[in-house]
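The exercises below are meant to be worked with the sequence and the coordinates side by side. Each begins with a task and is followed by a solution that goes step by step.

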Amino acid sequence: MPEGCGNDRLLAVALSLRDAATLYRRWSVAVGHDYDRDVAGEHRALTDAVVARDAAMASRLLAEHIDRTSASLRAVVQNVSEHAG
């Protein structure tokens, strides 16, 4: 167990979220071809909203962040299925 975390369940959740984020990040650029995206800027804006305790802004930014990744991946799946059939 890594130092600093005595809660196995919390550690497992954190590691699972990290792994999922890594996977989506790799897919959205390499597979989704979303090269014009400023992911670091999106994360900064989201962090700023959270630190400012602006729940409405943080929720909106997070939804946009997730939607953009999802849309990019859906476009690839649709393109592949159109060319396969």
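Helices here are DSSP runs of H or I with at least four residues, numbered from the N terminus. With that convention, Arg53 has its place in the loop between H2 and H3. The model is a predicted one, and every value below is computed from it.

**Exercise 1. The chain as a whole**

Task: State how many helices and strands there are in the chain, and find what the mean pLDDT of the chain is.

Solution. Step one is to list the elements: the chain holds 3 helices and 0 strands, and along the sequence they give the pattern α-α-α. Step two is to consult the confidence: the mean pLDDT of the chain is 84, with 88% of its residues reaching 70 or more. Step three is to go through the elements, among which helix H1 (residues 8-31) has the lowest mean pLDDT, at 82, while H2 has the highest, at 94. Where pLDDT is low, the predicted coordinates should not be read in detail. Step four turns to the surface and the contacts: buried residues make up 20% of the 85 residues, and the chain exposes about 6600 Å², of which carbon and sulfur atoms supply 59%. Of the contacts between residues at least 6 apart in sequence, 53% join residues at least 24 apart.

**Exercise 2. The two sides of helix H2**

Task: Check the span of helix H2 (residues 39-51) against 1.5 Å a residue, and determine which residues of H2 are buried.

Solution. Start with the span: the 13 residues of H2 should cover 18 Å at 1.5 Å a residue, and the end C-alpha atoms are indeed 18 Å apart, so the expected and the modelled values agree. Next, take the buried residues of H2, which are Val39, Gly41, Leu46 and Ala49. Because these cover an arc of only 165 degrees around the axis, they are on the same side of H2. On the other side of the helix, Asp48 and Val51 are exposed. The cover over the buried residues of H2 includes H3.

Ala49 serves as a worked case within H2. Its relative accessible area is 6%, and because the cut-off for buried is under 20%, Ala49 counts as buried. Leaving aside residues up to four places away in sequence, Ala49 touches Asp54, Met57, Ala58 and Leu61. The C-alpha atoms of Ala49 and Arg60, which are 11 residues apart along the chain, are separated by 9.8 Å.

**Exercise 3. The residue just after H2**

Task: Describe the backbone of Arg53, and decide whether Arg53 counts as buried or exposed.

Solution. First, look just after H2, where Arg53 takes a positive phi of about 60 degrees; this positive value belongs to a residue other than glycine. Second, apply the cut-off: exposed means over 50% relative accessible area, so Arg53, at 76%, counts as exposed.

**Exercise 4. Arg37 and helix H3**

Task: Work out which buried residues H3 holds, and trace what the side chain of Thr69 contacts.

Solution. Begin with the helix itself: the 30 residues of H3 should span 44 Å at 1.5 Å a residue, and since the end C-alpha atoms are 43 Å apart, the two agree. The buried residues in H3 are Ala58, Leu61, His65, Thr69, Ser72, Leu73 and Val76.

Then turn to Thr69, which lies in H3 (residues 55-84) and counts as buried because its relative accessibility is 11%. The side chain of Thr69 makes a polar contact of 2.8 Å with the side chain of Arg37, and a polar atom of the Thr69 side chain lies 3.3 Å from the backbone oxygen of His65.

Finally, follow the contact back to Arg37, which has its place in the loop between H1 and H2 and is buried, with a relative accessible area of 11%. A polar atom of the Arg37 side chain lies 2.8 Å from the backbone oxygen of His65, and a polar contact of 3.0 Å joins the side chains of Arg37 and Glu42. Arg37 and Thr69 are 32 residues apart in sequence, with 9.9 Å between their C-alpha atoms.

Definitions and conventions. Residues numbered from 1 in each chain as written. Predicted model: local features only at pLDDT ≥ 70, side-chain atom pairs only at ≥ 80, totals over all residues. Heavy atoms only, no water. Buried < 20%, exposed > 50% of the residue type's maximum accessible area, 1.4 Å probe, protein only. Polar contact = N/O pair within 3.5 Å; in protein donor to acceptor, adjacent residues only side chain to side chain. Expected span 1.5 Å × (residues − 1). Arc of directions from axis to C-beta. Contact = heavy atoms within 4.5 Å. Areas by Shrake-Rupley, 256 points an atom, 1.4 Å probe, with all protein chains shown as cover. pLDDT = per-residue confidence, 0-100.
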